[in-house]
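Biologist: I am new to this structure and would be grateful for a close look at a single part of it, the contact between the two chains. Please define each term as it arises.

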Amino acid sequence: MQLLMNGLIAGSLAALIAGGLALVYGVLGVFNLALGQMVLVGGYATWWFHVPLGLPLSASIVLGLLMGAALSWASFELFVNPFYKHHRFLPLVTTIALSMILDAAILLLWSERPRSIPTTGGGMISIVGMQATFTQLTLIMCTLLLLCGFACLFHSTPFGRKLRAVVQNPLAAMSLGVPAPLLHRIVFIMSGVFAAAGGIFLGIDQTLSTTIAFPLTIKAYAAIIAGGKGNIWGAVLCAYLIAILEQLLVGVHWFGTFYVSAGYQSTVALLFIIVFLLWKPQGLFATSQRLA
Amino acid sequence: MQFFWHIVAMICMSIPNILGFNLIFGKGKIFHFGPIGVSTVATYGVFVPLMHGFSYPSAIAIGFVLTMIISLLFAWLALRLEPDAFGVMAIAIHLSLLAVVINWISLTRGTRGLPDIPRFFFLQTTQSFALFTFIIALLWILFLFVLHRGSFGRSLDALAEQLWYAGSLGIDRRWVTVIAFLIGGLGALITNVIYCQYVFLVHPSDLNFPVFIFFVMVVVAGKPGSVPGVLCSLILLTLLREGMRFLPIPSEFIGSLRLLLFGLILFVAVWVRRDTLFPKARSV
């Protein structure tokens, strides 16, 4: 049961990142390989506002999210928008360049030392044999609230309807008066906010370090590939699934004889990518494009 | 003078691997994001048997067979998957191989790497390395130059531009792709056998993802598919990478500044080549 709780905590972080990424892939069809660095910028910025500058945690979180939004907007204008209309694979290379620039910026601004965002919530809480800190439960609840809020926006508002129209067919949506280019920007900014929220989650629950950026990106991609490219809820579900399997892999005493080395934990996401791309490239919850 | 020979050796020993990658990614426009995965198999395929008592010729033969097998696997995946899916798959395979190398400590010594790699008897000084790698590089450049200008190069060009039309003209996609990947694998084997002897060490940090980013940067900056262009960019970027350590900057900032500079170079290179990197198919 404790492994399940650990999986829920890790899965909530992955779900935040993968959800935003799946939306971007669904709308623009581009891969963003700088996603892990965007996560870190959100976390580091919040740490910087909270610890060295001494701002309250809530204000620091808001500023961290704004920083994530601003960064993703700038990234879209500079590294994605000028390229993806030439060829949809070009952002794959430009976002590699962006990841290098952001890595360098993080190292120059905040140094290589791991950082964590201190919180006041402390004590352990036990629920049906599973133990978690109050902070971890708050983070899980916040993630679920954020995802539910997004679900309401996406499925129950006129804005969400326009967004879904652009996901399904941008040209048809534009012919009906939906401002697709504006929605592309909004979607990219939303994914940046989700990534920054993931970074804040990571900074509070664990530690921020530049070495984790690329594994975060890979885990998010594993989730969107397994969930069906562009299917947000499939990606969210698969993010939880991958996180729980990662915990089970290294936490279970297999056949009562051996434990798998913790070093292999990250290979669960990689195996998801390999297995799904080979045997079910459309993912578990693929949605077909509507045609006239 | 020692630094000059070191630079010559570094550039020349990189040439087989990078030109092999240029053949696949630059000329063939195949999203091969796993050249370092091939290098990982080539490196450990040679040096694990060597450190476990095999002679150099038999260790190289084992490494050669394993490298060809992993190259064939990548070729098969490139033929089977969509381009972007193959790119992600190649990264996943590379990282999985790296995870195995790092965690199979009894065989590979994990993150400690394999030290005290013996050198060939004729490669004992930096100067001898420079001269030997120069000859190897020259032969490799000639081989690839002939390949690029010949019918194989034209077939690869045609497939990169328009798969179906090339197929209708009788070009065998499977054959061309497999050959390209095998040549890329051979280049990786040559480079890594020489490099590990040069530094006396096999280490997983020489085989991680940032190394691949350097490869992409060299190919994109030099003009994808062009042998002279990629050679020029390799020389300039290696000089920049190695020369930065002499700048009057505190050593803790050198790595970050190098990363920043290389990121900007890659971005500018893609910006300049945004119409030619993945050109649209010509139509009548």
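Modeller: The account below treats the contact between the chains and then turns to chain B and to one residue of chain A. This is a predicted model, in which local features need pLDDT of at least 70 and side-chain atom pairs count only at pLDDT 80 or more, while totals for chains, interfaces and linings use all residues. Residues are numbered from 1 along each chain as its sequence is written, chains are lettered from A and ligands numbered from 1 in the order in which they are written, and side-chain values use heavy atoms, with hydrogens and water left out.

The size of an interface is often given as the accessible area lost when the parts come together. Here, chain A and chain B bury about 3600 Å² between them, with 82% of it on carbon and sulfur atoms; buried area is the accessible area (1.4 Å probe) that two parts lose on being put together, summed over both. On the side of chain A, the residues that lose the most area to chain B are A:Val93, A:Met100 and A:Leu278, together 17% of what that side buries. Contact, meaning heavy atoms within 4.5 Å, involves 36 residues from chain A and 42 residues from chain B.

Between the chains there are 0 salt bridges, a salt bridge being a side-chain nitrogen of Lys or Arg within 4 Å of a carboxyl oxygen of Asp or Glu. The count of residue pairs in polar contact, both at pLDDT 80 or more, is 5; a polar contact is a pair of N or O atoms within 3.5 Å, where within protein one must be able to donate a hydrogen and the other to accept it, and residues adjacent in sequence count only if both atoms are side-chain atoms.

The elements of chain A that give two or more residues to this side are helix 3 (57-84), helix 4 (90-110), helix 9 (213-227) and helix 11 (267-279). Helix 4 of chain A gives the most, with 12 residues. Helices (H or I, at least four residues) and strands (E, at least two) are DSSP runs, numbered from the N terminus.

The partner, chain B, has 12 helices and 0 strands. Of its 284 residues, 55% count as buried, that is, under 20% relative accessible area, with exposed over 50% and partly exposed in between (1.4 Å probe, protein chains only).

In chain A, A:Thr143 lies in helix 5 (residues 134-156). A:Thr143 counts as buried because its relative accessibility is 2%.
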